[in-house]
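These are my notebook entries on one structure. I write down what I looked up, entry by entry.

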Amino acid sequence: MVLSELELRHFRNLGIQELRFPPEGVAVIGENAQGKTNLLEAIYYLESFRSFRGAGDGELTEFAKDVFHLRGSVQGDRPATVAAGFDRKRKRKRVSVDGNDSVRISEALGHLGAVVFSPADVDLVNGGPRLRRRFLDILLSLNVGGYVGALSGYRKALAQRNAALKADAGAMAVRAWDGLLVESGARVTRARAEWVAERAGTFTRYCSAISGRDPVTMSYRPDLPLRGSGGANDEGTGAEDASVPGEDTIRERFHARLEESWGTDLRRGVTTCGPHRDDLVFAIASKQRALPVRTFGSGGQRRTAALALRLTEAATIRSQRGVDPILLLDDAFAELDERRSERVMALLQDECTGQVILTAPKESDVRLRGPSLARWSIREGTIEA
């Protein structure tokens, strides 16, 4: 996939600009706070229709403006023109693909095949479970058919069930949402479990390739029991059974957990079990026991795990969509030591041969693909080729 053109209208500080990208990519050079990350954010918005930094749509609109608009043209096996905009006053988002304004957001996802690498990715390892669930939800929404619908159904049922619990509306009003909660929740759980089971080995291979040592594992810790009829899985830090039960089994266990937690739910006024409590766990393999990277890993190990996770995301795009992803590198090697940086660059050169759009504060920081990448500059949001 190749992003050939990008039209910007009042997104962050980028003003009104039209850019044409070389097929191989470009290095955007500029000092901090000039808008480099904003450019990558705009590109990725056309992939996922959300900010990879977690900002709301209203925050993405240029100050003193009411509307932003983006349009990108993608070339490749599946060429497309993708557009998106947001009206801050009306709080309305609109997307289109090839001029079709009636397309649903869920149908417009994933046309760029882009993956973002950023120093902030270390928060996926250091931060709480919500960030890792968000990572899984975005990745699976973009690459697994039906996941968006299942996730949307689960969130709706969860919100309604919690509202009924909080309002003390009675068992009938609460339990009315159990069917949708279980049905959609089982699909979400199974999709997450399958992805981790399929990609855990790839993740560990990337970690070892980047660090040269320190094998790190990735495992799924679902709130619902997947390996028996007991309670929630508590371990989640070592090698786990990679087999994933079918949706019928997961539904049965979800129903059982809802029954077990009924009294607790009533006391707390909230649903206390389900995939909204899942986690993705990274652990350092050792002879005695696996140690969570989040609490026992060094800074280098945590950054390695974050980079390996993004490389695993890129591998997923290649596998699921059959295309080399567009790499968006936001000063991605800034906090890595020299040896790790060289190993990451070698991996990207060998495995990610598609278009690269990277940012750096100075030209000497651009080492990936060397002088073959075109150089652009950015100052106060204005980009010059």
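**Entry 1: a strand and its neighbours**

I began with strand β9, which pairs with strand β10 (residues 291-292) in the antiparallel sense over two bridges. Two strands count as paired if DSSP finds at least two bridges between them. Helices (H or I, at least four residues) and strands (E, at least two) are DSSP runs, numbered from the N terminus. I noted that the model is predicted: local features need pLDDT of at least 70, side-chain atom pairs count only at pLDDT 80 or more, and totals for chains, interfaces and linings use all residues. Residues are numbered from 1 along each chain as its sequence is written, and side-chain values use heavy atoms, with hydrogens and water left out.

In the pairing of β9 with β10, I found Ile284 opposite Leu291. I then looked up strand β8 (residues 216-221), which is joined to β9 by six bridges, and these two strands run antiparallel. Here Arg221 stands opposite Asp279 of β9.

Next I asked how many residues of β9 are buried. Buried means under 20% relative accessible area, exposed means over 50%, and partly exposed is in between (1.4 Å probe, protein chains only). Six of the six residues of β9 are buried, so the strand is largely enclosed by the rest of the structure. Asp279, Val281 and Ala283 point one way from β9, while Leu280, Phe282 and Ile284 point the other way.

**Entry 2: salt bridges**

I counted a salt bridge wherever a side-chain nitrogen of Lys or Arg lies within 4 Å of a carboxyl oxygen of Asp or Glu. The count comes to 34 salt bridges.

Which residue forms a salt bridge with Asp279? I found Arg132, with the closest N and O atoms 2.7 Å apart. Arg132 is in helix α5 (residues 129-143) and Asp279 is in strand β9 (residues 279-284), so I noted a link between distant parts of the chain, 147 residues apart. Arg132 is buried at 4% relative accessible area, and Asp279 is buried at 7%.

I then looked up Arg161 and Asp265, whose side chains meet in a salt bridge of 3.1 Å, N to O. Arg161 lies in helix α6 (residues 147-166) and Asp265 in helix α10 (residues 262-268), so the pair ties together parts that are 104 residues apart in sequence. Arg161 is buried with a relative accessible area of 0%, and Asp265 is buried, also at 0%.

My third pair was Glu313 and Arg310, with their closest N and O atoms 2.8 Å apart in a salt bridge. Because they are three residues apart in helix α12 (residues 299-321), about one helical turn separates them. Glu313 is buried at 3% relative accessible area, and Arg310 is buried at 12%. I also noted a network: salt bridges that share partners join Arg161, Arg175, Asp178, Glu259 and Asp265.

**Entry 3: rings**

Rings of Phe, Tyr and Trp (its six-membered ring) pair if their centres lie within 6.5 Å; planes under 30 degrees apart count as stacked, over 60 as edge-to-face and the rest as tilted. I found nine aromatic pairs in the whole structure.

The ring centres of Phe21 and Trp376 are 5.0 Å apart and their planes are at 35°, so this pair is tilted. Phe21 lies in the loop between β2 (16-20) and β3 (25-29), and Trp376 lies in strand β13 (residues 374-379), so the pair ties together parts that are 355 residues apart in sequence. Phe21 and Trp376 are both buried.

For Tyr45 and Phe49, the ring centres are 6.4 Å apart and the planes are at 85°, so I wrote this pair down as edge-to-face. Tyr45 and Phe49 are buried, and they belong to one aromatic cluster with Phe11, Phe68 and Phe86.

I also looked for charges over rings (NZ of Lys or CZ of Arg within 6 Å of the ring centre and within 35 degrees of the ring normal). Arg175 lies over the face of Trp262, at 4.1 Å from the ring centre. Arg205 lies over the face of Tyr206, at 4.7 Å from the ring centre.
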